[in-house]
Amino acid sequence: MLSRKEFDRYNRQIIFPDFDERGQKKLKNSHVLIAGVGGLGSLSSTYLTRAGIGHITIVDNDYVELSDLNRQILYQDENIGERKVDSAHKRLLGMNPHVEITPIFEKIQKENVLNIVKGAQVVVDGLDNFETRFILNSICVKKNIPFIYGGIDGLNGAITTIIPGKTPCLACLFRNTPIEKKDFLPVFGFVPGFIASLQSMETIKLLANIGIPLAGKLLLFDGKTGEFLLSNVNRDKDCTVCGEE
Amino acid sequence: MKVKVKTNFFGQPEIEIEMPTLRKVLLELSKKTKFSIFAPKNEEVHSDFKVYLNGVEYEALPHGIDTELKDGDKVEITMVILAGG
C-alpha cells in the first residue's frame, strides 16, 4: 500500500501510463544494492532514493576528500573526512524518509560479496576499478541478480545491463581486454552523472517491468564528439564466468 | 578481399575492401557502427579501442595502422573496459 504522502510524492511517476500505482508499489517492495557511492553512485543513489525504491543498500569503504567534490554530489565541504556511506546515508534519508537505506562500510571482496548482495534484486555498478567489478559480476551471475554496469573515463562513458543466463556478462565482454591502470582518471562530474542517470533508468525499468532494458546491448558514449554507439553484444560460450559448462 | 573482424562490441562483421589495410578496415567499421574509431583531431585510434593483427598490437607492427592485410589475417578490435566511476 502507498500512503497519501507517498501518492503525492510520487505523483509525477504514478501518472506515467505504463508505470502507474502498480509500478510504484513494485519499487517500494524492491531492494537495490549500489556498489560504490562515488561519482556514479552519488547520482544513482539520489535518483533511486527519490524515485522510492523501498530498500537501498550502499557499500563503500572510502572517505570523502576535497577532490571528490567536483562530481560526487552527495557530499559537501563539511563532509570531508567522513565515511562516504555515513554522509550518503544521512543525505539520502533527508531526500526521502520513506526509503530504508543500509550503509555498509566495507571493501567488496570475494570473501564478503555474498553477504553484501544478499536480498538485492538489482545491483548497480558505482565502482571505480575493474577488479571489484569482476568480483561483483561473478556473484551476480552465480546468484542470478541483474547487474547494471556503468563506467567512465574522461569524457567517455559506457553502460550495459547484464541479465545472468540471457545476456553477456562483464567477463564475456572484457575479460581479455588489457587494463591500463591509472592512479587517477580525469573526470568532469557530468560524465558519471550522465551514465548514472541511465543506470537509474535501467534499474527502474527492470524493477517495474517497463520499456526495453539495455540487456545484451552496449551503449558507448564519446563526449568529445557527442557520438553514441549502441550495439548488440553476444554471450561468449567459452566465458569462464557464465559460459556453458 | 573480405576481412573478418572480431570485436567485443559489434559482433564479427565481414568487411569487403580492395587492397585492405588496418586503417581501411577501421574506417569501414566506423561507417558501419556510426562511431568514430579514429580520434577526430589526430586520426589516431580512439583510446577506447585496441587493434590487433594476428595477436600483435598495431603499434608494434613496422607499418602500424597502415599495415597491408592478406588472406587469413586475423584482425581483432576490442573496446577496453571503462573502469572509472
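**Entry 1: A:Gln13**

I looked up the environment of A:Gln13 and found 18 other C-beta atoms within 10 Å, so the residue is partly exposed; burial would have called for 20 or more. I keep in mind throughout these notes that this is a predicted model. A:Gln13 has its place in helix 2 of chain A, which covers residues 11-14. Setting aside residues up to four places away in sequence, I find that A:Gln13 touches A:Phe19, A:Gln24 and A:Ala51. I also checked A:Gly23, which lies 10 residues along the chain from A:Gln13, and the C-alpha atoms of the two are separated by 8.8 Å.

**Entry 2: chain A as a whole**

I then turned to the chain that holds this residue, and I note nine helices and eight strands in chain A. For its 245 residues a compact globule would have a radius of gyration near 18 Å, and I read 17 Å for chain A, which agrees. Along the principal axes, the C-alpha atoms of chain A fill a box of roughly 50 × 40 × 40 Å. Of the 245 residues, 46% count as buried. When I take the contacts in chain A between residues at least 6 apart in sequence, 68% of them join residues at least 24 apart.

**Entry 3: strand 6 of chain A**

How many of the seven residues of strand 6 of chain A are buried? I find that seven of the seven are, so the strand is largely enclosed by the rest of the structure. In a regular strand the side chains alternate between the two faces of the sheet, which is why I checked each face separately. On one side I list A:Asn156, A:Ala158, A:Thr160 and A:Ile162, on the other A:Gly157, A:Ile159 and A:Thr161, and with these residues all buried both faces of strand 6 of chain A are covered.

For the pairing, I note that strand 5 and strand 6 of chain A run antiparallel and are joined by seven bridges, with A:Gly150 having A:Ile159 of strand 6 as its bridge partner. The hairpin of these two strands has two residues between the strands, and A:Gly154 in that hairpin takes a positive phi near 60 degrees. Strand 6 of chain A is also joined to strand 7 of chain A, by four bridges and again in an antiparallel arrangement.

**Entry 4: A:Gly157**

I singled out A:Gly157, which is found in strand 6 of chain A. A:Gly157 has 26 other C-beta atoms within 10 Å and is therefore buried, given that 20 or more is the condition for this class. The bridge partner of A:Gly157 in strand 7 of chain A is A:Phe221. Leaving out residues up to four places away in sequence, A:Gly157 touches A:Gly151, A:Ile152, A:Val191, A:Phe194, A:Ile195, A:Phe221 and, in the other chain, B:Leu82. I also noted A:Pro192, which is 35 residues from A:Gly157 in sequence and 7.4 Å from it in space, C-alpha to C-alpha.

**Entry 5: where chain A touches chain B**

The contact with B:Leu82 led me to the interface, and I find that the contact takes 33 residues from chain A and 18 residues from chain B. On the chain A side, the elements that each supply at least two residues are helix 4 (39-51), strand 5 (147-153), strand 6 (156-162), helix 8 (170-174), strand 7 (217-222) and strand 8 (227-232). The largest share of that side, four residues, comes from strand 8 of chain A. By residue class, I divide the side of chain A that touches chain B into 16 nonpolar, 13 polar and four charged residues.

**Entry 6: chain B**

For chain B I record one helix and five strands, which follow the pattern β-β-α-β-β-β along the sequence. Its radius of gyration is 12 Å, which agrees with the value near 12 Å that a compact globule of 85 residues would have. The C-alpha atoms of chain B fill a box of roughly 40 × 25 × 25 Å along the principal axes, and 32% of the 85 residues count as buried. Among the contacts in chain B with a separation of 6 or more, residues 24 or more positions apart account for 41%.

Which strands stand at the edges of the sheet in chain B? I first wrote down the strand order of this open sheet of five strands, 2-1-5-3-4, with mixed pairing. Strand 2 (14-16) and strand 4 (56-57) stand at the edges, each with a single partner strand, so one side of each is left without a neighbour in the sheet. Strand 3 (residues 49-53) pairs with strand 4 of chain B in the antiparallel sense over two bridges, and B:Tyr52 stands opposite B:Glu57 of strand 4.

Notes
Residues numbered from 1 in each chain as written. Chains lettered and ligands numbered in written order. Predicted model: local features only at pLDDT ≥ 70, side-chain atom pairs only at ≥ 80, totals over all residues. Rg over C-alpha atoms; globule rule 2.2 N^0.38 Å. Buried ≥ 20, exposed ≤ 12 C-beta atoms within 10 Å, placed from the backbone. Contact = placed C-beta atoms within 7 Å. Nonpolar A, V, L, I, M, F, W, Y, C, P; charged D, E, K, R; others polar. Pairing = 2+ DSSP bridges.
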